[in-house]
Amino acid sequence: MDKIKEAADLILKSKKVFALTGAGISTDSGIPDFRSSTGYYSKMDPALALSKDRLLNHPEIFYKEGYKILEDLNDQEPNGGHKALAKLEKLGYLSGIITQNIDNLHAKAGSKNIYEVHGETRGTHCMKCGKEYPFAVMREKVEKGEIPPKCDECGGTIRPNVVMFGDMMPDDFERGARELDNTDTLIVVGSSLTVSPVNFLPNYVDHLIIINNDPTPMDRQADVVIHENSTIVLQEILKEIESRK
Ligand SMILES: [Zn+2]
């Protein structure tokens, strides 16, 4: 495909390349899009299930519904798309990833420089004293019926390190955006670029490659647009780049 060659050309001639990933990169790992209205999430509103209001005011429902989503994410494995990005970083063609996903799959695939702008589901922390606990510790407490789960140090409530509706954006957003100051090319993968403030990030770079199943509002600004399965496209781009060494 010519577009694969164009994308590879752009990556090879750029001094600094970053990726911005959204839910679409993880669908091949069996994780449905939070915002799609079918299947998995059709019976509940994830915006409500994973909201700070729910956590604080109805913890018994939060630790049943919202928490179940996080548990499921924790059990998935990275696909060829995550692995291709990790390989590009290892080979020196990619400087890092800004991700909207909370599924830990970039980390599991071996990527190193990751900015998780909506948090992650590996860790948890006490809302009162900040003490950190692995997700498994919280999981154990919840399974024992300790709802909400309590901090061993101060008795405060333990919550997941996920940015929920009603939370502020984490430091990773600022730090990730700063990386783009001197980035030439951004590869957008599996993001519809409709969620603020992440949808402003493509404006910080000179060149844009968009890989998404559906059209995005930024397609017209992009150098290369590929509306195909992101797992296959990323593997082909990696293969193309490796063939030119
Ligand atoms: Zn505490």
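Visitor: What hand does the crossing of α1 and α10 have?
Guide: In this predicted model, α1 and α10 cross in a right-handed sense. That word applies because the near helix is turned clockwise from the far one by less than a right angle.

Visitor: Why is α1 called oblique to α10?
Guide: Look at the angle. Helix α1 (residues 2–13) and helix α10 (residues 230–243) pack at about 60°, and their axes are 9 Å apart. Roughly parallel needs an angle under 35 degrees, and roughly perpendicular runs from 65 to 115. The value of about 60° meets neither condition, so α1 is oblique to α10.

Visitor: Which residues make that contact, α1 with α10?
Guide: From α1 come Ile4, Lys5, Ala7, Ala8, Ile11 and Leu12; from α10 come Val233, Glu236, Ile237, Glu240 and Ile241. By class, that gives 8 nonpolar, no polar and 3 charged residues.

Visitor: What makes α6 and α10 roughly parallel?
Guide: Again, the angle. The axes of helix α6 (residues 80–91) and α10 cross at roughly 30° and come within 7 Å. The cut-off for roughly parallel is under 35 degrees. The two helices therefore count as roughly parallel. Their crossing is left-handed.

Visitor: Which residues of α6 and α10 make the contact?
Guide: On α6, Gly80, Gly81, Ala84, Leu85, Lys87, Leu88 and Leu91. On α10, Thr231, Leu234, Gln235, Leu238, Ile241 and Glu242. The classes are 7 nonpolar, 4 polar and 2 charged. Ile241 of α10 also meets α1.

Visitor: How do you know that α5 and α8 are oblique?
Guide: Helix α5 (residues 65–74) and helix α8 (residues 135–143) pack at about 135°, with axes 12 Å apart. Roughly antiparallel needs over 145 degrees, and roughly perpendicular ends at 115. The angle of about 135° falls outside both ranges, and the pair is therefore oblique. α5 passes α8 in a left-handed crossing.

Visitor: Which residues of α5 and α8 meet?
Guide: Tyr67, Leu70, Glu71 and Asn74 in α5 meet Phe135, Met138, Arg139, Val142 and Glu143 in α8. They divide into 5 nonpolar, 1 polar and 3 charged.

Visitor: Why is the site of the zinc ion called tetrahedral?
Guide: Count the donors, then check the angles. The protein donors are the SG atoms of Cys126, Cys129, Cys151 and Cys154, at 2.3 to 2.4 Å from the ion. The cut-off for a donor is 2.8 Å, and these distances fall within it. Angles among the 4 donor atoms run from 98 to 114°. Tetrahedral requires all angles to lie between 85 and 135 degrees. They do, so the name holds.

Visitor: What spacing do the donors follow along the chain?
Guide: C-x2-C-x21-C-x2-C. Cys129 is in the loop between β4 (119–126) and β5 (132–134), while Cys151 is in the loop between α8 and β6 (158–162), so this pair ties together parts 22 residues apart in sequence.

Visitor: Which peptide bonds are cis?
Guide: One joins Ile147 and Pro148, with omega about -5°. Pro148 is in the loop between α8 and β6. Another joins Ser196 and Pro197, with omega about 0°. Pro197 sits in the loop between β7 (185–189) and β8 (207–211).

Visitor: What makes the phi of Asn104 worth a mention?
Guide: Its phi is near 65°, a positive value in a residue other than glycine. Most residues other than glycine have a negative phi. Asn104 lies in the loop between β2 (96–99) and α7 (105–109).

Notes
Residues are numbered from 1 along each chain as its sequence is written. This is a predicted model: local features need pLDDT of at least 70, side-chain atom pairs count only at pLDDT 80 or more; totals for chains, interfaces and linings use all residues. Side-chain values use heavy atoms; hydrogens and water are left out. Axes are lines fitted to C-alpha atoms, for helices over the stretch in contact, and angles run from 0 to 180 degrees between N-to-C directions. Helices (H or I, at least four residues) and strands (E, at least two) are DSSP runs, numbered from the N terminus. Contact means heavy atoms within 4.5 Å. Ala, Val, Leu, Ile, Met, Phe, Trp, Tyr, Cys and Pro count as nonpolar, Asp, Glu, Lys and Arg as charged, and the others, Gly among them, as polar. Donors are N, O and S atoms within 2.8 Å of the metal (3.2 Å for Na, K and Ca); water is not among the atoms, so sites may look incomplete. Four donors count as tetrahedral if all angles lie between 85 and 135 degrees; four count as square planar and six as octahedral if opposite donors are over 155 degrees apart and all others between 65 and 115; anything else is irregular.
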